[in-house]
Structure formats: C-alpha cells, structure tokens
Amino acid sequence: SEEKFRTVAEKSVLGISIIQDRRIKYVNPRYMEIFKFTIDEIIGKNPLDLVHPDDRNTVLKLLERREAGEIDAEKYQFKGIDKKGNVLYIASYGSRTMYEGQPAVLGTLIDITEQKKAETELLKSQKMEALGILAGGIAHDFNNLLTVINGYLDMIKENVASDLESLKMVESVEKATAQAAGLANRFISFSKSGWMTVEELDFNDILKSALDRHPDIEPLLNNAVVPHDLSLIYGDIR
C-alpha cells in the first residue's frame, strides 16, 4: 500500500504531505517545488513554519481538531511562506490517516497564488470601472449646470455691455466656468471606457423622448415640430 501511495504521490500535480506528531514525515516533489525546500530541509520540519503568521492560529486549530479525532477531513485556504519568504496562497485538504502504524494527517494542497493575484487585479479593474462610471455621470451633470450658467452669463453681458467694470467681472466668471468645464471634460475622458457607449442614434427619437419626459417646457416651444428627416448621429444615449 505504501509503495502504491508513493508511486501515485511522486507523479501528482498536487503537493502531498504526511504529518505526524507535528512533524513533516513525507512530502512529494510538487510539495517541495511549491515551498522551495529540498527533501533534507523539509523532513522533520514543523508544518506551521510554512504558514504565514496571519493564518498560523487557524491552521493550528484545524490540525489539533484532526489529531483529536473531532473531524476526519477539512478543506481550507491559508497564506503560506516559501523558503525565500515569499507569501503563497494555498488551498488545502487535510484528512486523518495511518502512517507506520500510528495516526497521522494526510495533506494535499494546491498553490493558488496566481489565481488570487488575478482575482485582485479583476477586483481593482471592476472598482476602476465603477469609479469611471460615477465620475462620468457627475461630470455630465456638472456640464449641464455649466451650460445653464453660461446661458445666463450671455444674457447678463448683453445687459451690462455699457458698464465696463461689470462686464469685466462677468468675463472673469466666464473664464472660471471654462476652467470648470475643462476639469469636467477631463473626468469624462478618464471615464469614457466605462461611461461612453457610442452607437448610431436617431436624433428624432431622442428629441421626442426628451419632450415626453419634460411636458412642462412644451408651452415655451410654441408648438415646435421635430422634422422627420434628421440625420442619424453617433453618440451615447445618456
């Protein structure tokens, strides 16, 4: 049985170990490859030395429960440390067994470090996309407010055209709004990968939809008619 076990274990893509009396009694080649230890360095070692301090208590409790017979097997993940001090992410499965006539723990593990890194990068990407959508939405709303402000500034300029001092102040406000618009456009540029969805749009439908959503402005339009032959445009419906 031991010979068959070794034949399978030596060729396994999983890291395999046998732990007895809190000491490593056997590891296969893949196990040594993951933790970067030679066979002489790892046999007799306390398995907890390969566990990151953050997870050492958790792994110890699971080991104690298996040794006490409270659980036969357990799946869990933990952070490990290789010989060079690099942090590894390990998915492990431990079960009770017999080794040389005495109770022991048979452990199998997989190095999931690259998978964890990929998950972290994906999470960062999703957060950036969400931030981009938020920034784009705020920037578009901000630009809408600036449009209103600029419209009133044009009217004020007409009323104070003869008052050079007042005209100078209005022009200062215009410069400030232009700077604010530039800042908003920078947010839009930052967010365009997550915010802008350019497609072919029927401008006629867009205008009708806007009028339907805002019936209160219809009296101001003097029964405006939307032409049916407007060209298609490319843009984001939002």
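# A walk from helix α4 to helix α5

Start by selecting residues 56-67, which form helix α4 in this predicted model. How far should its 12 residues span at 1.5 Å a residue? The expected span is 16 Å, and the end C-alpha atoms are 16 Å apart, so the two agree.

Now show the side chains of Val59, Leu62, Leu63 and Arg66, the buried residues of α4. They cover an arc of only 100 degrees around the axis, which means they sit on the same side of α4. The background is simple: an α-helix has 3.6 residues a turn, so residues three or four places apart point the same way. Swing the view to the face turned away from that buried side, and you'll meet Asn57 and Lys61, which are exposed.

What covers the buried residues of α4? Colour β3 (73-81), β4 (87-99) and β5 (102-111), which are included in that cover. Before leaving the helix, click on Gly69, which follows α4 and has a positive phi, near 80 degrees.

**Stop two: Ser95**

Stay with β4 and pick Ser95, which lies in that strand. Is Ser95 buried or exposed? Its relative accessibility is 15%, so it counts as buried. Next, draw a distance from Ser95 to Ala73: they're 22 residues apart in sequence, but their C-alpha atoms are 4.0 Å apart in space. Setting aside residues up to four places away in sequence, Ser95 touches Arg66, Asp72, Ala73, Ala104, Val105 and Leu106. You've seen Arg66 already, among the buried residues of α4.

**Stop three: Ser17**

Jump over to strand β1 and select Ser17. With 3% relative accessibility, Ser17 counts as buried. Beyond its neighbours within four places in sequence, its contacts are Tyr26, Val27, Tyr31, Val105, Leu106 and Gly107. Val105 and Leu106 should look familiar, since Ser95 touches them too.

**Stop four: the empty spaces**

Time to look at the gaps. Rolling a probe the size of a water molecule over the atoms shows where empty space is left. How many cavities of 30 Å³ or more turn up in a search of the whole structure? There is one, with a volume of about 200 Å³.

To find this largest cavity, select Ile19, Tyr31, Pro47, Tyr76 and Phe78, which lie nearest its centre among 19 lining residues. The elements giving two or more residues to the lining are β1 (15-20), α2 (29-35), α4, β3, β4 and β5. The largest share is from β5, with four residues. By type, the lining divides into 13 nonpolar residues, five polar and one charged.

Then move on to the second largest pocket, with a volume of about 170 Å³. Its lining is Ser1, Glu2, Phe5, Ile18, Thr97, Met98, Tyr99, Glu100 and Leu106. Two elements, α1 (2-10) and β4, give two or more residues to that lining, and β4 gives the most, with three. Here the residues divide into five nonpolar, two polar and two charged.

**Last stop: helix α5**

Finish by selecting residues 113-159, the 47 residues of helix α5. At 1.5 Å a residue, α5 should span 69 Å; its end C-alpha atoms are 68 Å apart, which agrees. To round off the tour, highlight its buried residues: Thr113, Gly132, Ala135, Gly136, Gly137, Ala139, Asn143, Leu146 and Leu153.

Notes:
Residues are numbered from 1 along each chain as its sequence is written. This is a predicted model: local features need pLDDT of at least 70, side-chain atom pairs count only at pLDDT 80 or more; totals for chains, interfaces and linings use all residues. Side-chain values use heavy atoms; hydrogens and water are left out. The expected span of a helix is 1.5 Å times one less than its number of residues. Buried means under 20% relative accessible area, exposed over 50%, partly exposed in between (1.4 Å probe, protein chains only). The arc is that of the directions from the helix axis to the C-beta atoms. Contact means heavy atoms within 4.5 Å. On a 1 Å grid over the protein atoms alone, a cavity is a set of points where a 1.4 Å probe fits but cannot get out, and a pocket is an open set with protein on both sides within 12 Å along at least five of seven lines; lining residues have an atom within 4 Å of a point. Grid points are joined across faces, edges and corners, and a volume is the space filled by probe spheres set on the points. Ala, Val, Leu, Ile, Met, Phe, Trp, Tyr, Cys and Pro count as nonpolar, Asp, Glu, Lys and Arg as charged, and the others, Gly among them, as polar.
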